[in-house]
Amino acid sequence: MTLEDRITRHVNHLFNHAQDTLANQELKEEIHSNLAARIEDYMEQGMDEEQAFQTAIQHVAGMDQIMSDHRRVHRVPYWTAVLQSALIYSLIAWIITIPMRVMVQGATINNLLMIMSVIVGGAYVFYKMKNKNTSTDPEDTTVIRTPVFLQWTRRVWWLWVGLIVVLWGTQAALRFGSNIWYSRPIQVEGPYQFTVIAIAFAIPLLSIIIPLIVQRAYRIVGKYEVGDVI
């Protein structure tokens with residue numbers, strides 16, 4: 001195997017777990033070029049080919065871990081998209097809960113969601129205006145550790161499921177606990193009571209906005225990665 005083949009194989013190994021993006025391709029070529037130049041310098045200093053190769057690759061050891069864990073994205077477009085998604089989810093939840101205004105509890109939740117939508121919308125507009133001059137700056141980037149992000153996304157979903165179970169269990173205990181304890185049949189007296197119970201159990205589901213926003217933020221990382229088309 002020639003020295004060039006060994007360099008190519010080593011660089012390809014470094015990028016085994018990296019996505020095939022333009023930025024990664026350019027970095028791959030740069031590492032290959034620098035590695036070859038470094039080996040040549042070491043050989044000119046008197047090292048043999050094997051010693052020069054082993055010495056040079058030490059300078060890029062661990063690059064595969066760095067490339068697989070870190071994703072560089074355009075900061076302003078990425079966070080603008082995250083805020084936009086948060087605003088859309090908030091507005092959808094607010095619209096869905098408008099019919100609940102017939103109940104006092106439903107009206108309170110609807111008002112809170114309206115306030116939340118206004119706050120998120122204001123943050124979205126403020127962020128866009130504040131960064132309007134840097135939104136197209138290719139140097140304005142941020143690094144995201146995707147494995148850690150994915151781990152937290154999964155945790156948020158599990159926490160949400162746990163929260164729903166606890167809240168539903170609490171509602172069931174408060175409303176039907178005595179019936180269950182004394183083995184009495186559960187009776188719903190008319191559509192009004194049914195609506196009250198349905199709203200009480202439906203309200204906790206609105207908290208799904210939080211894991212949805214987190215998941216959306218994770219899923220769009222690739223779309224705004226440096227080197228990709230935005």
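**Exercise 1. How are helix 5 and helix 9 oriented to each other: roughly parallel or roughly antiparallel?**

Determine the orientation in this predicted model, then describe the residues that form the contact.

*Solution.*

Step 1. Two packed helices are described by the angle and the distance between their axes. Here, helix 5 (residues 75–96) packs with helix 9 (residues 209–219) at about 150 degrees, and their axes lie 10 Å apart.

Step 2. Angles over 145 degrees count as roughly antiparallel. Helix 5 and helix 9 are therefore roughly antiparallel to each other.

Step 3. The crossing of helix 5 and helix 9 is right-handed. Helix 5 contributes Tyr78, Val82, Ser85, Ala86, Tyr89, Ser90 and Ala93 to the contact, while helix 9 contributes Ile209, Leu212, Ile213, Arg216, Ala217 and Tyr218.

Step 4. Sorted by class, the contact of helix 5 with helix 9 comprises 10 nonpolar, two polar and one charged residues.

**Exercise 2. Identify the salt bridge of the structure and classify the exposure of its two residues.**

*Solution.*

Step 1. Side chains of opposite charge can pair when their charged atoms come close. The structure holds one salt bridge. Its partners are the side chains of Glu50 and Arg6, with an N to O distance of 2.7 Å.

Step 2. Locate the partners in the chain. Glu50 belongs to helix 3 (residues 49–57) and Arg6 to helix 1 (residues 3–14); with their positions 44 residues apart, the pair links distant parts of the chain.

Step 3. Apply the cut-off of under 20% relative accessible area for buried residues. Arg6, at 16%, is therefore buried. Glu50 has a relative accessible area of 38% and is partly exposed.

Note on methods. Residues are numbered from 1 along each chain as its sequence is written. This is a predicted model: local features need pLDDT of at least 70, side-chain atom pairs count only at pLDDT 80 or more; totals for chains, interfaces and linings use all residues. Side-chain values use heavy atoms; hydrogens and water are left out. Axes are lines fitted to C-alpha atoms, for helices over the stretch in contact, and angles run from 0 to 180 degrees between N-to-C directions. Helices (H or I, at least four residues) and strands (E, at least two) are DSSP runs, numbered from the N terminus. Angles under 35 degrees count as roughly parallel, over 145 as roughly antiparallel, 65 to 115 as roughly perpendicular and the rest as oblique. A crossing is left-handed if the near helix is turned anticlockwise from the far one by less than a right angle, and right-handed if clockwise. Contact means heavy atoms within 4.5 Å. Ala, Val, Leu, Ile, Met, Phe, Trp, Tyr, Cys and Pro count as nonpolar, Asp, Glu, Lys and Arg as charged, and the others, Gly among them, as polar. A salt bridge is a side-chain nitrogen of Lys or Arg within 4 Å of a carboxyl oxygen of Asp or Glu. Buried means under 20% relative accessible area, exposed over 50%, partly exposed in between (1.4 Å probe, protein chains only).
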